[in-house]
Amino acid sequence: MSQAAPHHAAEGTADVIVVGAGPAGSATAAHLAQAGLDVLVLEKATFPDDTDRGNNRGEALSPRAVRELITLGVPTDGWVRTKGVRIIGGGMRLQVAWPDEAAFPPYGFVRSRRELAQALAEHAAAEGARVLHGVEVTGPITDSNGRIVGVEARRIDDEGAKVGFDTPLVIAADGAGSVLAQVAGLESEQPEMYAVCATYTSPRSNDDHLESWVELPTPDGGEPMRGRGWIHGLGDGTSTVGLTVREDIAPADAANALKRWVATMPSEWTFDDSTMQGEIEGARLPAGLTRGRLYTDGLLLVGDAGACTNPFTGEGIAAALESGRLAAQVVVHAFARCDAAGREQVLASYPDAVSGALGGYYTMGRWFAKMIGNPHLERWAVKYAVPRATTMRFAVKLMANLGDTHGRNADDRLLAALTRVTPAA
(Lines give C-alpha, C1' and ligand atoms only; values in the text may rest on other atoms or scores of the structure.)
Protein backbone atom coordinates (compact mmCIF):
# COMPACT_ATOMS: atom_id res chain seq x y z
CA MET A 1 0.00 0.00 0.00
CA SER A 2 1.31 3.44 -0.89
CA GLN A 3 2.65 5.56 1.93
CA ALA A 4 2.20 8.80 -0.01
CA ALA A 5 1.01 9.89 -3.43
CA PRO A 6 4.04 10.63 -5.65
CA HIS A 7 4.35 14.08 -7.16
CA HIS A 8 4.69 14.08 -10.93
CA ALA A 9 7.19 16.27 -12.71
CA ALA A 10 7.32 16.91 -16.46
CA GLU A 11 7.63 13.77 -18.59
CA GLY A 12 11.31 14.36 -19.27
CA THR A 13 12.35 14.76 -15.63
CA ALA A 14 11.99 12.72 -12.45
CA ASP A 15 13.42 12.30 -8.98
CA VAL A 16 14.73 8.92 -10.09
CA ILE A 17 14.94 7.27 -13.51
CA VAL A 18 14.95 3.47 -13.57
CA VAL A 19 16.27 1.91 -16.78
CA GLY A 20 14.56 -1.42 -17.38
CA ALA A 21 11.15 -2.74 -16.30
CA GLY A 22 12.21 -6.29 -15.53
CA PRO A 23 11.85 -7.71 -12.01
CA ALA A 24 14.67 -5.60 -10.52
CA GLY A 25 13.62 -2.34 -12.15
CA SER A 26 9.90 -2.68 -11.48
CA ALA A 27 10.46 -3.74 -7.87
CA THR A 28 12.75 -0.76 -7.28
CA ALA A 29 10.28 1.62 -8.91
CA ALA A 30 7.33 0.28 -6.92
CA HIS A 31 9.16 0.67 -3.59
CA LEU A 32 10.26 4.21 -4.49
CA ALA A 33 6.78 5.23 -5.63
CA GLN A 34 5.29 3.84 -2.42
CA ALA A 35 7.60 6.20 -0.55
CA GLY A 36 6.36 9.19 -2.51
CA LEU A 37 9.20 9.78 -4.98
CA ASP A 38 8.54 10.66 -8.60
CA VAL A 39 9.86 7.64 -10.53
CA LEU A 40 10.17 7.26 -14.27
CA VAL A 41 10.79 3.77 -15.69
CA LEU A 42 12.15 3.49 -19.24
CA GLU A 43 11.71 0.13 -20.93
CA LYS A 44 12.66 -0.85 -24.47
CA ALA A 45 10.02 -3.57 -24.75
CA THR A 46 6.31 -2.95 -25.23
CA PHE A 47 4.41 -5.28 -22.91
CA PRO A 48 2.83 -7.66 -23.52
CA ASP A 49 3.44 -8.10 -27.25
CA ASP A 50 7.09 -7.16 -27.75
CA THR A 51 9.25 -10.05 -28.93
CA ASP A 52 11.88 -9.19 -26.29
CA ARG A 53 9.36 -10.24 -23.64
CA GLY A 54 7.22 -12.48 -25.80
CA ASN A 55 8.79 -15.75 -24.79
CA ASN A 56 7.20 -18.19 -22.40
CA ARG A 57 10.39 -19.18 -20.58
CA GLY A 58 9.59 -20.39 -17.08
CA GLU A 59 11.12 -18.51 -14.16
CA ALA A 60 11.37 -20.30 -10.82
CA LEU A 61 10.68 -18.08 -7.83
CA SER A 62 12.09 -19.49 -4.60
CA PRO A 63 10.44 -18.82 -1.22
CA ARG A 64 12.98 -16.00 -0.80
CA ALA A 65 11.63 -14.36 -3.96
CA VAL A 66 8.05 -14.96 -2.83
CA ARG A 67 8.81 -13.17 0.44
CA GLU A 68 9.83 -10.12 -1.58
CA LEU A 69 6.63 -10.26 -3.62
CA ILE A 70 4.56 -10.44 -0.43
CA THR A 71 6.45 -7.47 1.04
CA LEU A 72 5.95 -5.52 -2.17
CA GLY A 73 2.25 -6.36 -2.29
CA VAL A 74 2.22 -7.94 -5.75
CA PRO A 75 -1.00 -9.91 -6.41
CA THR A 76 -0.18 -13.59 -7.03
CA ASP A 77 -3.64 -15.16 -7.27
CA GLY A 78 -3.63 -18.04 -9.73
CA TRP A 79 0.15 -18.35 -9.94
CA VAL A 80 1.56 -21.90 -10.09
CA ARG A 81 2.91 -22.89 -6.68
CA THR A 82 5.80 -25.28 -6.06
CA LYS A 83 6.16 -27.46 -2.98
CA GLY A 84 9.90 -28.05 -3.20
CA VAL A 85 12.73 -29.44 -5.29
CA ARG A 86 13.20 -32.87 -6.85
CA ILE A 87 16.90 -33.70 -7.06
CA ILE A 88 18.13 -36.24 -9.60
CA GLY A 89 21.63 -37.70 -9.69
CA GLY A 90 23.70 -40.66 -8.61
CA GLY A 91 20.89 -42.99 -9.64
CA MET A 92 18.54 -41.30 -7.12
CA ARG A 93 15.36 -39.20 -7.30
CA LEU A 94 14.87 -37.34 -4.03
CA GLN A 95 12.07 -34.85 -3.28
CA VAL A 96 12.84 -32.13 -0.74
CA ALA A 97 10.08 -29.82 0.50
CA TRP A 98 10.69 -26.11 0.90
CA PRO A 99 11.49 -25.37 4.56
CA ASP A 100 8.44 -24.48 6.65
CA GLU A 101 9.77 -21.76 8.93
CA ALA A 102 8.82 -18.28 10.05
CA ALA A 103 11.33 -16.41 7.85
CA PHE A 104 9.96 -17.54 4.45
CA PRO A 105 6.69 -18.86 3.01
CA PRO A 106 6.79 -22.66 2.52
CA TYR A 107 6.17 -22.44 -1.22
CA GLY A 108 7.58 -21.02 -4.41
CA PHE A 109 6.11 -20.04 -7.78
CA VAL A 110 6.76 -20.76 -11.43
CA ARG A 111 5.78 -18.00 -13.84
CA SER A 112 6.67 -17.26 -17.43
CA ARG A 113 9.16 -14.43 -17.72
CA ARG A 114 6.72 -12.46 -19.86
CA GLU A 115 3.93 -12.71 -17.29
CA LEU A 116 6.24 -12.03 -14.35
CA ALA A 117 7.70 -8.92 -15.96
CA GLN A 118 4.27 -7.64 -16.94
CA ALA A 119 2.80 -8.23 -13.47
CA LEU A 120 5.64 -6.35 -11.77
CA ALA A 121 5.58 -3.46 -14.24
CA GLU A 122 1.82 -3.10 -13.81
CA HIS A 123 2.25 -3.15 -10.04
CA ALA A 124 4.88 -0.40 -10.21
CA ALA A 125 2.50 1.70 -12.31
CA ALA A 126 -0.35 1.04 -9.88
CA GLU A 127 1.85 2.33 -7.04
CA GLY A 128 2.44 5.58 -8.93
CA ALA A 129 5.57 5.02 -11.03
CA ARG A 130 5.45 6.31 -14.61
CA VAL A 131 6.36 3.44 -16.92
CA LEU A 132 7.24 4.31 -20.51
CA HIS A 133 7.50 1.41 -22.96
CA GLY A 134 9.22 1.49 -26.31
CA VAL A 135 12.02 3.74 -25.05
CA GLU A 136 15.56 2.39 -25.49
CA VAL A 137 18.23 4.05 -23.34
CA THR A 138 21.42 4.46 -25.35
CA GLY A 139 23.71 6.09 -22.79
CA PRO A 140 24.08 8.46 -19.86
CA ILE A 141 24.13 12.25 -19.81
CA THR A 142 26.93 13.64 -17.66
CA ASP A 143 27.81 17.07 -16.32
CA SER A 144 31.20 18.80 -16.46
CA ASN A 145 32.35 16.79 -13.43
CA GLY A 146 31.48 13.45 -15.00
CA ARG A 147 28.44 12.88 -12.81
CA ILE A 148 25.43 11.25 -14.46
CA VAL A 149 22.52 13.70 -14.59
CA GLY A 150 20.20 11.93 -17.01
CA VAL A 151 20.00 9.49 -19.90
CA GLU A 152 19.77 9.67 -23.67
CA ALA A 153 17.22 7.45 -25.36
CA ARG A 154 15.37 6.80 -28.60
CA ARG A 155 11.68 6.13 -29.08
CA ILE A 156 11.26 2.86 -30.96
CA ASP A 157 7.75 3.69 -32.20
CA ASP A 158 8.77 7.15 -33.52
CA GLU A 159 11.41 6.25 -36.11
CA GLY A 160 14.07 6.23 -33.42
CA ALA A 161 13.50 9.85 -32.40
CA LYS A 162 16.10 10.81 -29.80
CA VAL A 163 15.08 12.24 -26.45
CA GLY A 164 16.80 13.18 -23.20
CA PHE A 165 15.61 12.62 -19.65
CA ASP A 166 16.94 14.60 -16.67
CA THR A 167 17.31 13.25 -13.14
CA PRO A 168 19.67 13.46 -10.17
CA LEU A 169 19.82 9.65 -9.96
CA VAL A 170 19.75 6.83 -12.51
CA ILE A 171 19.15 3.23 -11.47
CA ALA A 172 20.40 0.67 -14.00
CA ALA A 173 18.17 -2.38 -14.14
CA ASP A 174 18.94 -3.17 -17.76
CA GLY A 175 20.25 -6.69 -17.30
CA ALA A 176 23.54 -8.53 -17.48
CA GLY A 177 24.71 -6.58 -20.52
CA SER A 178 23.89 -3.23 -18.91
CA VAL A 179 24.84 -0.42 -21.29
CA LEU A 180 25.00 2.09 -18.44
CA ALA A 181 27.26 -0.12 -16.32
CA GLN A 182 29.63 -0.60 -19.24
CA VAL A 183 29.83 3.12 -20.01
CA ALA A 184 30.51 3.83 -16.33
CA GLY A 185 33.33 1.25 -16.31
CA LEU A 186 31.51 -1.12 -13.96
CA GLU A 187 32.29 -4.32 -15.83
CA SER A 188 31.76 -7.70 -14.21
CA GLU A 189 35.02 -9.41 -13.29
CA GLN A 190 33.94 -12.64 -14.99
CA PRO A 191 30.75 -14.12 -16.45
CA GLU A 192 30.61 -16.88 -13.82
CA MET A 193 27.77 -18.84 -15.47
CA TYR A 194 25.99 -19.39 -18.75
CA ALA A 195 22.38 -20.57 -18.96
CA VAL A 196 20.53 -21.99 -21.94
CA CYS A 197 16.91 -23.14 -22.06
CA ALA A 198 13.93 -24.01 -24.24
CA THR A 199 10.18 -24.34 -23.59
CA TYR A 200 8.13 -27.32 -24.80
CA THR A 201 4.53 -28.42 -24.71
CA SER A 202 4.56 -31.34 -22.29
CA PRO A 203 2.36 -33.41 -19.95
CA ARG A 204 4.88 -32.52 -17.22
CA SER A 205 3.51 -28.99 -17.14
CA ASN A 206 1.62 -29.46 -13.85
CA ASP A 207 4.60 -30.73 -11.83
CA ASP A 208 4.44 -29.11 -8.38
CA HIS A 209 8.19 -29.54 -7.76
CA LEU A 210 11.12 -27.85 -9.44
CA GLU A 211 13.38 -30.53 -10.88
CA SER A 212 17.15 -30.18 -10.51
CA TRP A 213 19.49 -32.61 -12.26
CA VAL A 214 22.93 -32.66 -10.70
CA GLU A 215 24.09 -35.32 -13.15
CA LEU A 216 23.41 -34.96 -16.88
CA PRO A 217 23.43 -38.18 -18.91
CA THR A 218 24.38 -38.28 -22.58
CA PRO A 219 22.61 -40.16 -25.40
CA ASP A 220 25.55 -42.54 -25.86
CA GLY A 221 25.70 -43.38 -22.15
CA GLY A 222 29.20 -41.98 -21.79
CA GLU A 223 30.67 -39.63 -19.18
CA PRO A 224 27.93 -37.29 -17.83
CA MET A 225 28.06 -33.70 -19.08
CA ARG A 226 29.16 -30.88 -16.83
CA GLY A 227 26.58 -28.48 -15.42
CA ARG A 228 23.20 -28.51 -13.72
CA GLY A 229 19.92 -29.16 -15.48
CA TRP A 230 16.45 -28.04 -14.49
CA ILE A 231 12.82 -28.52 -15.50
CA HIS A 232 10.05 -26.07 -14.57
CA GLY A 233 6.40 -26.86 -15.26
CA LEU A 234 4.39 -23.71 -16.05
CA GLY A 235 0.95 -25.21 -15.48
CA ASP A 236 -0.26 -24.04 -18.90
CA GLY A 237 0.65 -27.12 -20.92
CA THR A 238 4.32 -26.18 -21.25
CA SER A 239 7.57 -26.83 -19.39
CA THR A 240 10.91 -25.09 -19.57
CA VAL A 241 14.06 -27.22 -19.69
CA GLY A 242 17.37 -25.52 -19.01
CA LEU A 243 21.05 -26.08 -18.46
CA THR A 244 23.44 -23.94 -16.42
CA VAL A 245 27.22 -24.28 -16.77
CA ARG A 246 29.96 -22.61 -14.72
CA GLU A 247 32.64 -22.36 -17.36
CA ASP A 248 33.32 -20.40 -20.52
CA ILE A 249 31.28 -21.98 -23.28
CA ALA A 250 30.21 -20.88 -26.74
CA PRO A 251 26.45 -20.31 -27.08
CA ALA A 252 26.24 -22.91 -29.85
CA ASP A 253 28.02 -25.49 -27.67
CA ALA A 254 25.64 -24.78 -24.77
CA ALA A 255 22.63 -25.19 -27.05
CA ASN A 256 24.03 -28.49 -28.36
CA ALA A 257 24.62 -29.69 -24.79
CA LEU A 258 20.97 -28.96 -23.96
CA LYS A 259 19.83 -30.91 -27.01
CA ARG A 260 22.03 -33.88 -26.07
CA TRP A 261 20.63 -33.95 -22.55
CA VAL A 262 17.02 -33.59 -23.72
CA ALA A 263 17.59 -36.50 -26.12
CA THR A 264 18.06 -38.82 -23.10
CA MET A 265 14.63 -38.03 -21.64
CA PRO A 266 11.59 -40.34 -21.97
CA SER A 267 9.60 -39.79 -25.18
CA GLU A 268 6.35 -39.40 -23.22
CA TRP A 269 7.66 -36.11 -21.80
CA THR A 270 7.52 -34.77 -25.41
CA PHE A 271 10.65 -32.64 -25.16
CA ASP A 272 11.64 -32.53 -28.82
CA ASP A 273 11.92 -30.16 -31.77
CA SER A 274 8.28 -30.68 -32.77
CA THR A 275 6.98 -29.37 -29.44
CA MET A 276 9.51 -26.58 -28.87
CA GLN A 277 7.93 -23.16 -28.40
CA GLY A 278 10.16 -20.60 -30.08
CA GLU A 279 13.91 -20.98 -30.07
CA ILE A 280 16.60 -22.10 -27.63
CA GLU A 281 17.62 -19.07 -25.58
CA GLY A 282 20.93 -18.41 -23.84
CA ALA A 283 22.38 -15.75 -21.59
CA ARG A 284 25.45 -15.17 -19.49
CA LEU A 285 24.82 -14.70 -15.79
CA PRO A 286 27.20 -12.35 -13.94
CA ALA A 287 26.88 -13.74 -10.43
CA GLY A 288 28.09 -13.31 -6.89
CA LEU A 289 28.35 -9.47 -6.87
CA THR A 290 31.36 -9.56 -9.20
CA ARG A 291 30.53 -6.20 -10.77
CA GLY A 292 32.83 -4.50 -8.26
CA ARG A 293 31.16 -1.17 -7.48
CA LEU A 294 27.37 -0.96 -7.36
CA TYR A 295 27.20 2.83 -7.15
CA THR A 296 29.18 5.63 -8.70
CA ASP A 297 28.50 9.28 -9.61
CA GLY A 298 24.73 9.19 -9.81
CA LEU A 299 24.41 5.62 -11.17
CA LEU A 300 23.19 2.72 -9.02
CA LEU A 301 23.00 -0.92 -10.18
CA VAL A 302 20.35 -3.49 -9.26
CA GLY A 303 19.59 -7.08 -10.27
CA ASP A 304 21.57 -8.63 -13.13
CA ALA A 305 23.08 -5.24 -13.95
CA GLY A 306 24.81 -5.45 -10.56
CA ALA A 307 25.79 -9.15 -10.95
CA CYS A 308 23.39 -10.05 -8.15
CA THR A 309 22.59 -13.57 -9.42
CA ASN A 310 22.88 -16.37 -6.84
CA PRO A 311 26.31 -17.99 -7.45
CA PHE A 312 25.12 -21.34 -6.09
CA THR A 313 22.26 -21.87 -8.55
CA GLY A 314 22.20 -19.12 -11.18
CA GLU A 315 18.75 -18.03 -9.95
CA GLY A 316 18.32 -14.29 -10.23
CA ILE A 317 14.73 -13.30 -9.42
CA ALA A 318 15.07 -13.30 -5.62
CA ALA A 319 18.23 -11.20 -5.79
CA ALA A 320 16.65 -8.86 -8.34
CA LEU A 321 13.71 -8.16 -6.06
CA GLU A 322 15.85 -7.95 -2.94
CA SER A 323 18.45 -5.62 -4.44
CA GLY A 324 15.58 -3.42 -5.66
CA ARG A 325 14.19 -3.16 -2.14
CA LEU A 326 17.60 -2.39 -0.65
CA ALA A 327 18.27 0.23 -3.33
CA ALA A 328 14.92 1.90 -2.67
CA GLN A 329 15.54 2.05 1.05
CA VAL A 330 18.88 3.77 0.51
CA VAL A 331 17.49 6.17 -2.09
CA VAL A 332 14.56 7.21 0.08
CA HIS A 333 16.93 8.04 2.95
CA ALA A 334 19.23 9.88 0.54
CA PHE A 335 16.41 12.07 -0.76
CA ALA A 336 15.48 12.95 2.82
CA ARG A 337 18.81 14.82 3.02
CA CYS A 338 18.66 18.53 2.15
CA ASP A 339 22.28 18.92 1.06
CA ALA A 340 24.00 17.33 -1.92
CA ALA A 341 26.95 16.06 0.13
CA GLY A 342 24.67 14.31 2.60
CA ARG A 343 22.63 12.75 -0.18
CA GLU A 344 25.77 11.46 -1.86
CA GLN A 345 27.04 10.01 1.40
CA VAL A 346 23.85 7.98 1.79
CA LEU A 347 23.83 6.81 -1.84
CA ALA A 348 27.43 5.64 -1.47
CA SER A 349 26.26 3.31 1.32
CA TYR A 350 24.23 1.16 -1.09
CA PRO A 351 27.05 -1.32 -1.84
CA ASP A 352 27.48 -1.88 1.90
CA ALA A 353 23.74 -2.50 2.25
CA VAL A 354 23.85 -5.19 -0.44
CA SER A 355 27.05 -6.64 0.96
CA GLY A 356 25.56 -6.80 4.43
CA ALA A 357 22.51 -8.68 3.16
CA LEU A 358 24.15 -11.00 0.62
CA GLY A 359 27.93 -10.59 0.70
CA GLY A 360 28.95 -13.42 3.02
CA TYR A 361 26.50 -15.84 1.43
CA TYR A 362 27.67 -14.93 -2.07
CA THR A 363 31.31 -15.40 -1.08
CA MET A 364 30.41 -18.93 0.02
CA GLY A 365 28.73 -19.39 -3.36
CA ARG A 366 31.84 -18.32 -5.25
CA TRP A 367 33.95 -20.71 -3.17
CA PHE A 368 31.42 -23.48 -3.83
CA ALA A 369 31.58 -22.80 -7.58
CA LYS A 370 35.35 -23.17 -7.56
CA MET A 371 35.20 -26.41 -5.55
CA ILE A 372 32.47 -28.00 -7.63
CA GLY A 373 34.49 -27.09 -10.72
CA ASN A 374 36.82 -29.91 -9.71
CA PRO A 375 35.39 -32.94 -11.57
CA HIS A 376 36.63 -35.40 -8.92
CA LEU A 377 34.90 -33.48 -6.12
CA GLU A 378 31.77 -33.11 -8.22
CA ARG A 379 31.55 -36.86 -8.83
CA TRP A 380 32.14 -37.52 -5.12
CA ALA A 381 29.31 -35.15 -4.17
CA VAL A 382 26.88 -36.78 -6.61
CA LYS A 383 27.77 -40.25 -5.41
CA TYR A 384 27.78 -39.71 -1.65
CA ALA A 385 25.76 -36.56 -0.89
CA VAL A 386 22.73 -36.81 -3.18
CA PRO A 387 21.45 -40.14 -1.80
CA ARG A 388 21.24 -38.70 1.73
CA ALA A 389 17.95 -36.94 2.49
CA THR A 390 19.31 -35.01 5.47
CA THR A 391 22.23 -33.69 3.43
CA MET A 392 19.95 -32.67 0.57
CA ARG A 393 17.52 -30.83 2.85
CA PHE A 394 20.43 -28.78 4.12
CA ALA A 395 21.71 -28.30 0.55
CA VAL A 396 18.34 -26.96 -0.67
CA LYS A 397 18.21 -24.50 2.23
CA LEU A 398 21.80 -23.42 1.55
CA MET A 399 21.58 -23.09 -2.23
CA ALA A 400 18.25 -21.22 -2.19
CA ASN A 401 19.47 -18.96 0.65
CA LEU A 402 16.61 -19.96 2.96
CA GLY A 403 18.42 -19.95 6.27
CA ASP A 404 16.41 -18.30 9.05
CA THR A 405 18.70 -15.84 10.84
CA HIS A 406 16.67 -16.30 14.02
CA GLY A 407 15.94 -19.98 13.49
CA ARG A 408 16.57 -22.40 16.32
CA ASN A 409 17.29 -25.63 14.46
CA ALA A 410 20.79 -26.86 13.73
CA ASP A 411 20.65 -26.07 9.99
CA ASP A 412 19.77 -22.42 10.59
CA ARG A 413 22.39 -22.00 13.29
CA LEU A 414 25.05 -23.51 11.03
CA LEU A 415 24.11 -21.35 8.03
CA ALA A 416 23.99 -18.21 10.16
CA ALA A 417 27.42 -18.98 11.58
CA LEU A 418 28.92 -19.66 8.17
CA THR A 419 27.52 -16.44 6.75
CA ARG A 420 28.83 -14.39 9.68
CA VAL A 421 32.39 -15.72 9.45
CA THR A 422 32.60 -15.59 5.63
CA PRO A 423 34.02 -12.31 4.33
CA ALA A 424 31.66 -10.30 2.14
CA ALA A 425 34.25 -9.52 -0.50
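**Figure 1. The hairpin of β5 and β6 in this predicted model.** The hairpin has 2 residues between its strands, and glycine 90 adopts a positive phi near 60 degrees there. Strand β5 (residues 84-89) runs antiparallel to β6, and 6 bridges link the pair. Beside the turn, glycine 89 faces methionine 92 in β6. If you are checking backbone torsions, glycine 90 is a good place to begin, with its phi near 60 degrees.

**Figure 2. The open sheet of 7 strands.** What is the strand order? Reading across the sheet, the order is β6-β5-β14-β15-β16-β13-β17, and the pairing is mixed. The edges are taken by β6 (92-97) and β17 (276-285), each of which pairs on one side only. From one strand to the next, the twist averages 20 degrees. The hairpin of the previous view thus supplies two of these strands, β6 and β5, at one end of the order.

**Figure 3. The pairing of β15 with β16.** Here we zoom in on part of the 7-stranded sheet. Strand β15 (residues 228-233) and strand β16 (residues 238-245) are antiparallel partners, joined over 6 bridges. Across this pair, glycine 229 sits opposite leucine 243 in β16. Keep both residues in view, as they return in the next legend: glycine 229 and Leu243 are among the contacts of leucine 216.

**Figure 4. The surroundings of leucine 216.** Leucine 216 belongs to the loop between β14 (209-213) and β15. Is leucine 216 buried or exposed? Its relative accessible area is 0%, so leucine 216 is buried. Which residues does leucine 216 touch, leaving aside neighbours within four places in sequence? They are Pro224, Met225, Arg226, Gly227, Arg228, Gly229, Leu243 and Trp261. For a distance label, you could use the C-alpha atoms of leucine 216 and threonine 264: they are 9.1 Å apart, although these positions lie 48 residues apart along the chain.

**Figure 5. The open sheet of 3 strands.** In this sheet the order is β9-β10-β11 and the pairing is antiparallel. β9 (135-142) and β11 (161-166) are the edge strands; each has a single partner strand, so one side of each has no neighbour in the sheet. The twist averages 25 degrees from one strand to the next. Looking at one pair, β9 and strand β10 (residues 148-155) are joined in the antiparallel sense over 7 bridges. Valine 135 stands across from arginine 155 in β10.

**Figure 6. Helix α6 against helix α7.** The axes of α6 and helix α7 (residues 340-347) are 8 Å apart, and the helices pack at an angle of about 165 degrees. Because angles over 145 degrees count as roughly antiparallel, α6 and α7 are roughly antiparallel to each other. Their crossing is right-handed. On the α6 side the contact is made by Val330, Val331, His333, Ala334 and Phe335, and on the α7 side by Arg343, Val346 and Leu347. Sorted by class, the contact has 6 nonpolar, 1 polar and 1 charged residues.

**Figure 7. Helix α2 against helix α6.** This view stays with α6 but turns to its contact with α2. The axes of helix α2 (residues 63-72) and α6 come within 8 Å and cross at roughly 40 degrees. That angle makes α2 oblique to α6. The crossing of α2 and α6 is left-handed. Arg64, Ala65, Glu68, Leu69 and Thr71 of α2 meet Ile317, Ala318, Leu321, Glu322 and Arg325 of α6. This contact of α2 with α6 divides into 5 nonpolar, 1 polar and 4 charged residues.

**Figure 8. Positive phi at alanine 307 and asparagine 401.** Most residues other than glycine have a negative phi. Alanine 307, although not a glycine, has a positive phi of about 55 degrees. Where does alanine 307 lie? It is in the loop between β19 (299-301) and α6 (317-335). With a relative accessible area of 0%, alanine 307 is buried. Asparagine 401 likewise has a positive phi, near 60 degrees. Its place is the loop between α10 (389-399) and α11 (410-421). Asparagine 401 counts as buried because its relative accessibility is 12%, and the cut-off for buried is under 20%.

Terms used: Residues numbered from 1 in each chain as written. Predicted model: local features only at pLDDT ≥ 70, side-chain atom pairs only at ≥ 80, totals over all residues. Heavy atoms only, no water. Helix = DSSP H or I, 4+ residues; strand = E, 2+ residues; numbered from the N terminus. Buried < 20%, exposed > 50% of the residue type's maximum accessible area, 1.4 Å probe, protein only. Axes fitted to C-alpha atoms, helices over the stretch in contact; angles between N-to-C directions. Parallel < 35°, antiparallel > 145°, perpendicular 65-115°, else oblique. Left-handed = near helix turned anticlockwise from the far one by under 90°. Contact = heavy atoms within 4.5 Å. Nonpolar A, V, L, I, M, F, W, Y, C, P; charged D, E, K, R; others polar. Pairing = 2+ DSSP bridges.
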